Structures are given as C-alpha cells and as structure tokens.
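User: I would like a close look at one part of this protein. Please keep the sentences short and walk me through the surroundings too.

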Amino acid sequence: MCAHVLVAEDDEMQAELIRRSLLTEGHTATVVHDGAAAIAAARKLRPDLVVLDLMLPVVDGFGVCRALRGEDDIPVLMLTARSTEDDVLLGLELGADDYMTKPYSPRELMARIRTVLRRSGRTTEDRQEDTVLRAAGLSVDAVRHEVRCDGAPVDCTPAEFEILLAMTAEPERVFSRRQLLQYTRGLDRASTERAVDVHIMNLRKKIEVDPRRPVRLLTVFGVGYKLRGGRT
C-alpha cells in the first residue's frame with residue numbers, strides 16, 4: 001500500500017518523525033510548515049492523504065480543511081493537542097476523516113494512516129511508479145531506495161539519498177543547512193551543518209556535468225541550497 005502523503009506540521013521535529021515513519025512504511029511524503037503552504041501543495045500535488053496539524057501558522061488546520069473540502073475529496077487525518085469535544089466535532093464536521101490527539105505514538109499514527117488510505121481507495125498499490133519523485137532530470141524512488149540521473153543509476157550514501165529525496169519532493173524550494181541536516185540527523189548524529197556542504201559537494205560530483213558549475217543543485221548564497229527545476 002503505497003501513497004503520497006502531504007504532512008502539514010509546524011513542529012519540524014514532529015514533521016521529520018512523521019516523514020521518516022511514512023518512508024519506512026513505503027510511502028512518499030511532502031512536508032510543509034504552515035497552512036497556506038499546505039493548501040498550495042495540496043492543489044499542486046493532489047496527494048493521497050493529508051496529515052494536518054490543527055495549530056498551524058498563517059492558516060490553521062480548520063481553515064486548511066475547509067479549503068480542501070471546498071475543492072477536493074482528499075482524505076484528511078487531523079492532529080491536535082486540543083482534545084476538547086468541540087474541537088474534535090468541528091474538525092469532523094469540516095470533513096476530517098480521522099483525528100489523533102497529541103502526544104501519539106508513531107506506530108499508532110501509521111496504523112491510522114493505513115486505515116484511512118484503505119477506506120479512501122486512493123492508494124497506489126498497483127502503480128509502483130507513482131512512488132518515484134522526478135525533478136531536474138533526477139528520479140528518486142523512496143521504496144526501492146534508488147536514484148537515477150538522466151536515466152543512469154547513481155550510487156548515493158544514505159545521507160545523500162535523504163537530501164535528494166527531500167529536494168526532489170520540493171524542487172525550487174530553498175533549504176537551509178539546518179533543514180537539510182534534519183533529514184540526515186538520524187543517520188549520523190555527529191553531523192554538523194558543515195557536513196551538509198560535504199554531502200552537497202559529493203552529490204554534485206555525481207549528478208552535475210561540471211560540479212564546479214552546477215546547473216541542478218544550486219547554492220543560494222547566505223541561505224542554503226535548492227534543486228533547480230519543477231516536478232515532472
């Protein structure tokens with residue numbers, strides 16, 4: 001049961017925990033940290049499920065759910081630290097398919113996600129190719145743990161793979177070193193932000209024609225890095 005899940009959670013550590021749990025389950029994930037970005041990503045990507053934190057900045061979870069329900073039938077699993085009956089009922093009335101109160105265990109969350117996906121019938125069980133993210137001539141398969149560049153296989157370390165997976169999910173987004181470090185932190189807890197520069201340098205050797213003049217993996221001076229080119 002493979003699906004593309006949009007995670008809308010402003011707590012970066014919680015969002016990363018959910019993302020990693022989803023990848024372990026064989027899903028792909030896109031992560032956003034505010035409600036406006038969640039609405040935009042849902043409209044653009046049409047995910048199979050939205051995991052939606054209630055207390056988002058810019059637009060709260062209620063507003064996101066209301067916007068999505070006015071346009072599509074994407075299943076929504078709402079996360080809330082507020083377990084009052086009124087909040088839960090409002091979320092369900094707006095069209096949330098399920099809800100969980102914080103704190104929750106990752107295993108329980110994954111079980112709830114499986115149930116919602118099964119009920120919705122929106123999984124990509126028979127469409128394995130849909131688990132592949134494509135951008136800038138790259139294809140990154142989260143299930144098979146494979147990377148290709150212009151069709152040729154690319155050998156990546158686990159940390160390099162996590163960075164490419166994040167960046168192909170959101171091409172043109174500028175990632176800070178700190179954000180990219182979060183994607184590799186579970187692989188090497190001794191890593192520092194400067195280690196991200198080394199990973200980027202090594203990736204350029206593997207995916208750029210001329211690593212000294214990159215056209216895919218670009219530096220945004222004073223901010224971080226981005227993958228140039230839209231999703232395909």
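In which strand is the place of Asp53?

Analyst: A word of caution to begin with: this is a predicted model. Asp53 sits in strand 3, which covers residues 49-53.

Next, its exposure. Asp53 has a relative accessibility of 3%, so it counts as buried. The cut-off for buried is under 20%.

Now its partners. The side chain of Asp53 makes a polar contact with the side chain of Lys102, at 3.0 Å. Set aside the neighbours within four places in sequence, and Asp53 is in contact with Ala8, Glu9, Asp10, Gly61, Leu79 and Lys102. Lys102 therefore appears both in this contact list and in the polar contact.

From here, let us turn to a loop. Gly95 lies between helix 4 (85-93) and strand 5 (98-101). Gly95 touches Cys65 and Arg69, with residues up to four places away in sequence not counted. Arg66 belongs in this picture as well. Gly95 and Arg66 are 29 residues apart in sequence, yet their C-alpha atoms are 7.6 Å apart in space.

Cys65, touched by Gly95, has 0% relative accessibility, so it counts as buried. What about disulfides? A disulfide needs two cysteine sulfur atoms within 2.5 Å. By this rule the count is 0. Take Cys156 as a case: the nearest cysteine sulfur belongs to Cys149 and is 9.7 Å away, so Cys156 is in no disulfide. Cys156 has a relative accessible area of 22%, so it is partly exposed.

Helix 4 comes before the loop of Gly95, and Leu92 is in that helix. Leu92 is partly exposed, because its relative accessible area is 37%. Leu92 also helps to form a nonpolar surface patch, together with Leu89 and Tyr99. The patch is about 240 Å².

One more buried residue is worth a look. Thr168 lies in helix 6, residues 158-169. Its relative accessibility is 0%, so Thr168 counts as buried. A polar atom of the Thr168 side chain lies 2.8 Å from the backbone oxygen of Leu164. The backbone oxygen of Leu165 is 3.3 Å from a polar atom of that side chain.

To return to the start: Asp53 is a buried residue in strand 3, and its side chain is joined to that of Lys102 by a polar contact.

Methods
Residues are numbered from 1 along each chain as its sequence is written. This is a predicted model: local features need pLDDT of at least 70, side-chain atom pairs count only at pLDDT 80 or more; totals for chains, interfaces and linings use all residues. Side-chain values use heavy atoms; hydrogens and water are left out. Helices (H or I, at least four residues) and strands (E, at least two) are DSSP runs, numbered from the N terminus. Buried means under 20% relative accessible area, exposed over 50%, partly exposed in between (1.4 Å probe, protein chains only). A polar contact is a pair of N or O atoms within 3.5 Å; within protein, one must be able to donate a hydrogen and the other to accept it, and residues adjacent in sequence count only if both atoms are side-chain atoms. Contact means heavy atoms within 4.5 Å. Patches are made of residues with over 30% relative accessible area and no salt bridge: like charges are joined within 9 Å, nonpolar side chains (Val, Leu, Ile, Met, Phe, Trp, Tyr) within 5 Å. Accessible areas come from the Shrake-Rupley method with a 1.4 Å probe; for residues, only the protein chains shown count as cover. A salt bridge is a side-chain nitrogen of Lys or Arg within 4 Å of a carboxyl oxygen of Asp or Glu.
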